[in-house]
Amino acid sequence: MKAILFMDMDLRKTIDKIKDTRTIAPDELKMLLECTDNADLEYLYGKAREVADGIFHKDVYLRGLIEFTNYCKNDCYYCGIRCSNRKAERYRLSEDEIMKCCDTGAMLGFKTFVLQGGEDPFFNDDKICDIVRKIKEKYPKHAVTLSIGEKSYESYKRFFDAGADRYLLRHETANEEHYAKLHPSSLSGANRKQCLRNLKEIGYQVGCGIMVGTPFQTVGNIYEDILFMQELQPHMIGIGPFIAHKDTPFKDEPDGSVKDTLVLLALLRLLFPKVLLPATTALGTADATGREKGILAGANVIMPNLSPVNVRGKYLLYDGKICTGEEAAECNECMKRRIGSVGYHVADSRGDHPDMQVV
Ligand code: SAM
């Protein structure tokens, strides 16, 4: 009994140390990911909440997600909209439809629009710039986030000059060998990381991130992800569990663990106190109250869907995706209720990174 108590104290001291020094050693990461004791996990989540609440005062930022195309030229082995998936029913939203999503979002009180899509050559740089400009002309005080994959420095610069504020590009894994097991040889982790560095240099608020529990992922890989994040110093970090899609090469692979995702969310909050950290839709898919649990583990962003209901069921990155049948207004109300249920509230501001406030 004494030995167990001693172990608990050890783990809690480690958590305190990570919080105070904002550093973590490989064996500490392993120990925390292996922890299954609920009281210890609650201790970790509590510390992460303390840090988040000290900076964000229980505010949660909502981002209106517009999934504007599911065409993709890439063939990532994990993704339901990969180009080889002939069963995916493809769609593109018109500029008018995208603007209507923004109108709905603005009416519901969203201050950020996230334009996400596959890497769709139809939406060339001119088209993306036009869309960004139109949104910013109509909604100059709103933030526009792009999440449209790997582009050249020049393209990123053009989107930024057109008014885009933020860019989400998960690096997926910082380890080259692991990257090569998740992607075809036409894609490289080195290029993806370079894209993130370019985005940061241009002046975007930048989000990187990983899926938790992808096939072949090791604790060592996750440690390398943390090292990469420490180098990049992103403004946002998007992590969610890997969830298998039935029409991909990874269809029989086990899903990522909700507990591991929560542990990593909490650790990221301790390591990067000011970072914008979403409780993702994948987390809400893997566990019915996953997003609430994410907030209670230090997350402070939620991305409700603003896409038209008739296309929602087609943007299927993984099986069982939630919120595919609800209108935006319903989704928004449901999110507000869920956030309130755990003692947090939806913020009224744009929700920029604390060091990147726009006046
Ligand atoms: N094309 C853009 C890009 O490459 O960043 C944005 C769209 S991409 C589908 C968005 C993210 O979905 C990816 O970065 C990946 O982490 C996540 N994703 C894809 N398939 C997934 C799966 N099976 N389970 C969980 N997340 C997945």
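Let's start at one residue and work outwards: threonine 281 touches Met303, Tyr318, Lys321 and Ile322, leaving aside residues up to four places away in sequence. Keep in mind that this is a predicted model. On the chain, threonine 281 sits in helix H11, which covers residues 281–286. Is threonine 281 buried or exposed? Its relative accessible area is 18%, and the cut-off for buried is under 20%, so threonine 281 counts as buried.

Now hop over to isoleucine 222. You'll find isoleucine 222 in helix H9, made up of residues 219–232. Isoleucine 222 has a relative accessibility of 7%, so it goes down as buried too. What does isoleucine 222 touch, once residues up to four places away in sequence are set aside? The list is Leu29, Leu33, Gln217 and Leu264. For a sense of distance, take isoleucine 210: it is 12 residues from isoleucine 222 in sequence, and their C-alpha atoms are 8.7 Å apart in space.

Glutamate 50 gives us another setting to look at. This residue belongs to helix H3, running over residues 38–56. With a relative accessible area of 44%, glutamate 50 is partly exposed; that label is for values between the 20% and 50% cut-offs. If you go from glutamate 50 to threonine 23, you cross 27 residues in sequence and 17 Å in space, C-alpha to C-alpha.

Time to zoom out to the whole chain. Helices H3, H9 and H11 have come up so far, and the full tally is 14 helices and 9 strands. How do the 359 residues pack overall? A compact globule with that many residues would have a radius of gyration near 21 Å, and the chain comes in at 20 Å, so the two agree. Along the principal axes, the C-alpha atoms fill a box of roughly 65 × 45 × 40 Å.

What share of the residues counts as buried? For this chain the figure is 57% of the 359 residues. As for contacts, take those with a separation of 6 or more: 75% of them are between residues 24 or more positions apart.

Finally, the outside. The accessible surface of the chain adds up to about 14900 Å², and carbon and sulfur atoms account for 54% of that. The chain also has 49 positive and 52 negative charges, and the mean positions of the two sets are 2 Å apart.

Key:
Residues numbered from 1 in each chain as written. Predicted model: local features only at pLDDT ≥ 70, side-chain atom pairs only at ≥ 80, totals over all residues. Heavy atoms only, no water. Helix = DSSP H or I, 4+ residues; strand = E, 2+ residues; numbered from the N terminus. Rg over C-alpha atoms; globule rule 2.2 N^0.38 Å. Buried < 20%, exposed > 50% of the residue type's maximum accessible area, 1.4 Å probe, protein only. Contact = heavy atoms within 4.5 Å. Areas by Shrake-Rupley, 256 points an atom, 1.4 Å probe, with all protein chains shown as cover. Lys, Arg positive; Asp, Glu negative; His and termini not counted. Charge placed at Lys NZ, Arg CZ, Asp CG, Glu CD.
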